[in-house]
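Reader: I am new to reading protein structures, and I would like to learn how to go from a picture to a careful description. Could we go through one example together, feature by feature?

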Amino acid sequence: MKTATAALENFKKLSPKNLPLDEPLSKGHRACQGCGEVLALRMIAKAVGKELIAVSATGCMEIISSPYPQTAWECPWIHVAFENAASVASGVEAGRKALIRKGRIKDDGAKIMAFAGDGGTADIGIQALSGAIERGHNFTYVCLDNEAYMNTGVQRSSSTPYGAMTTTSPPGAKSKGQFSWKKNMPMIAAAHDMPYVATASPAFHMDLMNKVRKAVTVPGPAYLHVFAPCPTGWRCAPDISVETARQVVQARIFPLYEVIDGRYVLNRDVKKPLPVKEYMKKQKRFAHLTDEDFAYIQEKVDADWNRLKALVKATNPED
Amino acid sequence: MADEGMQSWKELALGCAVTTPGNAKDFNTGDWRSTRIPVTDREKCIKCGMCYIMCPDMCYTPDPDAEGFYLWDTYYCKGCGICITECPKDAISWKEEEETA
Amino acid sequence: MIEVRFHGRGGQGAVTSCELMAQAAIAEGRYAQAFPSFGPERRGAPLQAYLRISDEPIRLREKIYEPDIVVVLDPALVAGGNVKDGLKEGGTLVANSPKSADDVKKDSGFNGRTAVVNATKIAEEEMGVPITNTTMLGALLKAASLVDKESVVEPLKNRFGKIAEKNQKSLERAFAETVIEE
Amino acid sequence: MSQRVGLEVSLACSEAVKLANVDVIAAYPITPQTHIVEHLSELVADGHLDAEFVPVESEHSAMSACIGSSAAGARTFTSTASQGLALMHEIVFIAPALRLPIVMAVANRSLSGPISIWNDHSDIMAERDSGWIQTFAENGQEVLDLTLHAFKVAEDKRVCLPVAVNMDGFTLTHVIEPIMMPDQAEADAYLPAFEPQQMLDIANPISMGTVGVPEIYTEARKACMDALDNSYEVIKEHWEGFAKQFGRSYNPIETYKTEDAETLLVTMGSIGETAMMAVDQMREAGQKVGLVRIRLWRPFPADDFLEAIKGAKALAVVDRALQPGSDSGPVGTELKALLHSRGKDTYVANFVAGLSGRDVTRADFRMMAEKAAQGQASGATMTCEMVGVKE
């Protein structure tokens, strides 16, 4: 089944000159100064435009966009709880599908998107996400990954990178900080044999917005894993969020790739990678790490990169 | 309306829904900024729009009076400085707020 | 009100027997309740199912403690010791057994009115399977006119579709071959 | 024309959902609810019901998907029991807060531990304060009728709240009994198409589930409390409409031989019919005993209840769930608080009976009524008794 491939055959890319003007996420939201997550969210919403129906998991983006009686959402939006954005979205999709089939609402081309953080995706929400993907609902799930539970005050998640300091992975005499490697959510999603999976970073905004457009074009479930720098939680200056989101890609820590009908596509081949230490040293969450630690992390990053390249090769036999 | 329904439970919309989309626009996040503001030097500006697209708070909008330039909005700018860091031509820089007032 | 307890094994269709009888009674405009023993039993385990039939609306939702009739679908369960539990003195035991009614009385320990038929043999011959639930309805109807035999035809059709006829024939044969000893 | 059929009660519930022309069913199987969802999935698979059957991966997701579907404007149904309801718990509270008219059948079953699949009311009592309208069926016909009624009430624009229809697991769900099955035209006449009061629509965007800051949380909860209280009149109105349409009448509180009764049994759910028979036996023996059955549990019909018990000296309140650490069961607590707040001194003997499928027999009811009468006569302290517990 080449669902995504067929749907994307005539895909028209956005260019910097024809960016959509609508901002389904409005000004006046209460995100922190320099929030990379709300920036990513804004770009994603902008890429979809007026047809967006948004489902938010509990988390930073939900809190900062909807303190009653205000909403920063120009589009239909619903929040229910922390771990269930995918199931709520599947309900919205099923409900609309039934109503359209029965002729009770018109098919207005609405695009259903679920937004959750890394905790709401990789930890507490992974069951609901897996179920919704497996059932094949036509929706896009977006994980805005700021690598810890920022909403509750920077606690570790399974998406927190090795060595990072959080309030529940403090470095100490017997601790390097986060003790485990970051869970590979995009590949977990891809293992569902779903039509479209992609990683993206707001520093590469055209790449991000085009992936959003692809995700909502593809029938069936799509998964976007979006890097979302958090200056507050990562303890870095608010003005370097975009730079951080760029360097994480340049350091091969967060490669930009797509998985289209199981075929891996590397969107940005990083020939001369930035050493991981260069990326990490600007964030105080890694301040306690030694050169030995950086070398250890570099080894893992290199191995992951090679695995990804191998997957690209293995799934593109014609190349 | 910023204070919609804040007085009485009888005035709440069904299920506490907010029925005025995007009314967060009333909220002045410019208050969060301390003393500095980003100022664009239009001599250096190449109208690339990076400030517009990279601003998390959507403070830059196309200037209707000057084609291609972007206007900065004091009402929303939290003063993060991303526009300054990301401007490819270093056309945006900090100024003390009093200097421009 | 007549209360019936079926003894069978998981997978033998005791619950279906109850259901068919209840539907026949309801189709006659009367009242019925059919329910399984709500246990964790799996295929092969001895289990019970219950049936109430009445001319008046049934309000009782207790379990059946003192049945008027006990139906045993599996010959090996006759001697199990519990088929006579609570069975009223003037009640009836309806058993699937190749043995005589006298032997069934000995094996079950119940000395009252006993109806016996070799339902396994009939089911094997008529349907090619040793499942006796519908066959034993013939024996039950011979022993007690709970419902009109004709009333079971429709429920059988609804439940079994194409193979309803074979079930019907098996039931008829059991009705004819059942031996009752007072 | 309604038809009289012999049908398993679970299937009667599913058939009611089909008669309601539901748009979305999102459910996860759990004993003893399984037959309800199995039958619904069959109806959808065979094309008899034009609905989306969403086979969710958990009950938590079942209620989450129901909220999404209802918010999208679709008539939505789910069903669960016991551990499933407990897993759903977090989301159960959010449905009324968002004012979504979801209908849920609960095949009541005890909560673990120990794990036990049989019937009592401990599952729904853990959701007592969730803000749902809660009714209890006494027999198969009521299961069907209350399910249809649930949609009518939930979607009424004066209500906009979810409704849980409680039916005792196994004791009702797995019993085949006579049911008057309405035809589609009759059902349609009673229950018109769902017209959502608000929905997720790109032509008219709203934000649902916003953050309740301290300045608004109290008011938000008050609004929901008020909606639940006000649903009482609508519930009654739609039962009256039901009686006109189908000839079967229902009331929030039902009485049986209460006139001149000195002692009243109080029950909820399927044990009520057995209790009636116990009352008959006690009446034959010259005892002035009657029965009060609570059909509407939330909102609690306080005035109807007080009216029903006004002549009685003693109540034997039969709870089907424990309230550990308290000296009453949940129904007992409710009634004692009500009586006290209304200045009544009716004696209340509270019993917890029929936990997890333990039979509640006519003899048990006779015992409870007698103890209540004796307690009242002797002025004994009113402690709660676990019926039949082996010492």
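Reader: In which sense do β10(D) and strand β12 of chain D pair, and over how many bridges?

Author: Please keep in mind that this is a predicted model. To read a pairing, one looks for the bridges that link two strands and for the direction in which each strand runs. Here β10(D) pairs with strand β12 (residues 289-294) of chain D in the antiparallel sense, over four bridges, and one bridge joins D:Ile253 to D:Ile294 in β12(D).

Reader: Which sheet do these strands belong to, and in what order do its strands lie?

Author: One follows the pairings from strand to strand. In chain D this gives an open sheet of six strands with mixed pairing, in the order β10-β12-β11-β14-β15-β16. Its edge strands, each paired on one side only, are β10 (253-256) and β16 (385-386) of chain D.

Reader: Which strands does helix α12 of chain D touch, and how is the helix directed?

Author: For a helix on a sheet, one asks what it touches and how its direction compares with that of a strand. Helix α12 (residues 330-341) of chain D packs on the sheet and touches β11 (263-267), β12, β14 (314-319) and β15 (347-352) of chain D, with a direction that makes about 145° with that of β14(D). Helix α13 (residues 362-378) of chain D lies across β11, β12, β14, β15 and β16 of chain D, and runs at about 140° to β14(D).

Reader: Are the two faces of strand β6 of chain D covered or open?

Author: One takes the residues on each side of the strand in turn. In strand β6 (residues 133-136) of chain D, D:Ile133 and D:Thr135 on one side are buried, and so are D:Gln134 and D:Phe136 on the other, which leaves both faces covered.

Reader: With which strand does β6(D) pair in the parallel sense, and what is the handedness of the crossover?

Author: The parallel partner of β6(D) is strand β7 (residues 163-168) of chain D, with four bridges between them, including the one from D:Ile133 to D:Val163. From β6(D) the chain passes through helix α7 (residues 140-155) of chain D to β7(D), in a right-handed β-α-β crossover. β6(D) also pairs in the antiparallel sense, over two bridges, with strand β13 (residues 296-298) of chain D, where D:Leu296 is the bridge partner of D:Thr135.

Reader: Why is D:Ile124 called buried?

Author: The label depends on relative accessible area, and buried means under 20%. D:Ile124, in helix α6 (residues 122-125) of chain D, is called buried because its relative accessible area is 1%. Leaving out residues up to four places away in sequence, its contacts include D:Gln134 and D:Phe136, both of which belong to the buried residues of β6(D).

Reader: What does the side chain of C:Thr114 reach, and at what distance?

Author: For a polar side chain, one looks for a polar atom that it may meet. The side chain of C:Thr114, a residue of strand β6 (residues 113-117) of chain C, reaches the backbone oxygen of C:Gly112 at 2.9 Å. C:Thr114 is buried, with a relative accessible area of 0%.

Reader: Where does C:Ser97 lie, and is C:Ser97 buried or exposed?

Author: C:Ser97 lies in the loop between β5 (92-96) and α2 (101-108) of chain C, and it is buried, with a relative accessible area of 6%. A polar atom of the C:Ser97 side chain lies 3.0 Å from the backbone nitrogen of C:Lys99.

Terms used
Residues are numbered from 1 along each chain as its sequence is written. Chains are lettered from A and ligands numbered from 1 in the order in which they are written. This is a predicted model: local features need pLDDT of at least 70, side-chain atom pairs count only at pLDDT 80 or more; totals for chains, interfaces and linings use all residues. Side-chain values use heavy atoms; hydrogens and water are left out. Two strands pair if DSSP finds at least two bridges between them. Contact means heavy atoms within 4.5 Å. Axes are lines fitted to C-alpha atoms, for helices over the stretch in contact, and angles run from 0 to 180 degrees between N-to-C directions. Buried means under 20% relative accessible area, exposed over 50%, partly exposed in between (1.4 Å probe, protein chains only). A polar contact is a pair of N or O atoms within 3.5 Å; within protein, one must be able to donate a hydrogen and the other to accept it, and residues adjacent in sequence count only if both atoms are side-chain atoms. A crossover is right-handed if, with the strands pointing away from the viewer, the path from the first strand over the helix to the second runs clockwise.
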